[in-house]
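Subject: Structure handover and findings

Dear colleague,

Here is the structure I promised to pass on to you, with my notes on it below. Please keep the two side by side as you read.

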Amino acid sequence: MNLFVFILALLPILWLIVALTLFKWPTFKAAVGSLIISAILAITYWQMPIIDMASALAEGFAMAVWPIIIVIIAAVFTYNLTLRTGAMEIIKQMIASVSSDRRIIVLLIAWCFGGFMEGMAGFGTAIAIPASMLVGLGFKPLFSCLVCLLANGVPTPFGSIGIPTVTLANLVGLENTSLSFMTSLQLSPFVIAAPFLIVMATGKGPKALKGMVPLTLASGLGFIIPQLAVSYFVGAELAVVVGSVCSLLLTILFALKKKPDPQYAMQVQSKEKITLSKAITAWSPFILIFCFLLLTSKLVAPINEALSVFSSQVTIYTGPDPNLVSFSWINTPGVWIFLSAILGGWIQKAKCKDFIQVLIETLQQMKETMITMLCVLACAKIMGYAGMISDISSFVILITGSFYPFFAPWFGALGTFVTGSGTNSGVLFGQVQMEAAQALQANNLWIVALNSLGVAVGKMLSPQSLAIALSSVDSKGQDSKLLSMVLPYGAIMIILMSILAFVGNMIL
């Protein structure tokens, strides 16, 4: 194994980095380039028959469309519909009216509600919406971006109804609940730490924690303990959704009992009185999503088993050792989210034309994301079947040896930094992590989950995340200043993650 083969195999990913960082290309254009490069290399240097390359590409496309793209469209459609009906304004007002303490308001909006939005929709909504809410309440734009980026990192592996972790598990052949629980376990100390970092950022130092430690700790523990339980028993889909809701309720409970500190007090104007009926109506799509996904999960075995018959298993790849690709036609998150959005919209008095217009606008809004997903998954499949992934992992293991686990989170961080997506990071490097674990005879779950651990840092620092945050608060062009604010947090976190990765691998 030599350096030339390693660089050649890595070329589709290197192109992605160069195209995004140096050429400033949009992600979907860079991803198309990566797909073309991987296809050419597979056919020429790796001697892959054209029909095999085409079928690998088709398998990647199929896995991207169902269930990934369907759930992305469904999640963003749900959010856009709540904007159209005005329900999102009621949700914002409910959260902001709990306390007049700036630290608590930031926790509720950036951490709790931001986590909920990441779990439900992801793809930038969890940064853009809370940041714009904070600015609307009088917080400074760059500060609002900073706390939302800090809050958005650790929930990302379970964003958009768990798609990053579900996709990673399917790609490397691991069981959803096992990988979800291991990922949540690794993230635990960082989930607990995140609310403390947010409070300190709000008060410009550790002094801001005065009188806030019980509430802040409850906000972190209230998030991670339910997340661990849901990961273990249900899987990735609802882990962050349940965690964020529990954290929100617990934080509100503590906030109602805490006297506001005059040093951090601010005025929160109430626009209208919100009745129980208005609150339930506003939250109805999200309540329905929660109920549908829970009732059809493995926790309710009779329903889950009855719906499992509506599925297909097909072999798409024509070459040696093909994967058996499974498609669940009814019991897949995208279907239930669409149904919840339609029922919720009906409850909120949305008209037929609203549904149609919002769907068209959502498809238009997400078209570049869909192209990116198609190309990245197809690229990963071609690289995997051609042997390019194996050559990458072989070289990295040769160089790092037993120290590989220390660097494993860096792959996850790099993939997310470049593409802005935890899902894409798993697709790019998940197989590398799996093959490294097998070569080192390490715990497969531990090593593969480390990719998702690194995703948390990559998401905070990604140029896409910075751009989304700044555009939502009308502060475009200040990317370098925002990066300098968030970079110290990311640097410390990736070092701590690497230490955890290495020590944990020694124990396991």
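Leaving aside its neighbours within four places in sequence, Thr-177 makes contact (heavy atoms within 4.5 Å) with Ser-231, Tyr-232, Phe-233, Val-234 and Gly-235. Thr-177 lies in helix 9, where helices (H or I, at least four residues) and strands (E, at least two) are DSSP runs numbered from the N terminus. With a relative accessibility of 14%, Thr-177 counts as buried, the classes being buried under 20% relative accessible area, exposed over 50% and partly exposed in between, for a 1.4 Å probe and protein chains only. The C-alpha atom of Thr-177 is 9.1 Å from that of Val-166, a residue eleven places away along the chain.

Before going further, please note that this is a predicted model, in which local features need pLDDT of at least 70 and side-chain atom pairs count only at pLDDT 80 or more, while totals for chains, interfaces and linings use all residues. Residues are numbered from 1 along each chain as its sequence is written, and side-chain values use heavy atoms, with hydrogens and water left out.

Val-166 also takes part in a helix pair, for Thr-165, Val-166, Leu-168 and Ala-169 in helix 8 meet Asn-176, Leu-179 and Ser-180 in helix 9. The residues of this contact divide into four nonpolar, three polar and no charged, with Ala, Val, Leu, Ile, Met, Phe, Trp, Tyr, Cys and Pro counted as nonpolar, Asp, Glu, Lys and Arg as charged, and the others, Gly among them, as polar. The axes of helix 8 (residues 159-172) and helix 9 (residues 176-203) come within 9 Å and cross at roughly 125°; axes here are lines fitted to C-alpha atoms, for helices over the stretch in contact, and angles run from 0 to 180 degrees between N-to-C directions. The two helices, 8 and 9, are therefore oblique to each other, given that angles under 35 degrees count as roughly parallel, over 145 as roughly antiparallel, 65 to 115 as roughly perpendicular and the rest as oblique.

A second pair is formed by helix 19 (residues 422-440) and helix 20 (residues 444-461), whose axes are 8 Å apart and which pack at an angle of about 150°, so that helix 19 and helix 20 are roughly antiparallel. Among the residues of helix 19 in this contact are Phe-429 and Met-434, and those of helix 20 include Ile-447 and Val-455. By class, the contact of helix 19 with helix 20 has six nonpolar, seven polar and no charged residues. In the loop between these two helices, 19 and 20, sits Gln-441, which has a positive phi of about 55° although it is not a glycine, and which is exposed, with a relative accessible area of 75%.

Asp-321, in the loop between strand 1 (311-315) and strand 2 (324-328), likewise has a positive phi, near 50°, in a residue other than glycine. At 69% relative accessibility, Asp-321 counts as exposed.

As for the interior, the largest nonpolar core (buried Ala, Val, Leu, Ile, Met, Phe, Trp, Tyr and Cys residues joined through side-chain atoms within 4.5 Å) has 175 residues, of which Trp-111, Phe-113, Val-147, Val-154 and Leu-482 touch the most other members. Helix 3 (residues 50-85) gives the most to this core, with 17 residues. Not counting residues up to four places away in sequence, Phe-113 touches Met-88, Ile-91, Ile-95, Leu-108, Ile-129, Met-133 and Trp-283.

With best wishes
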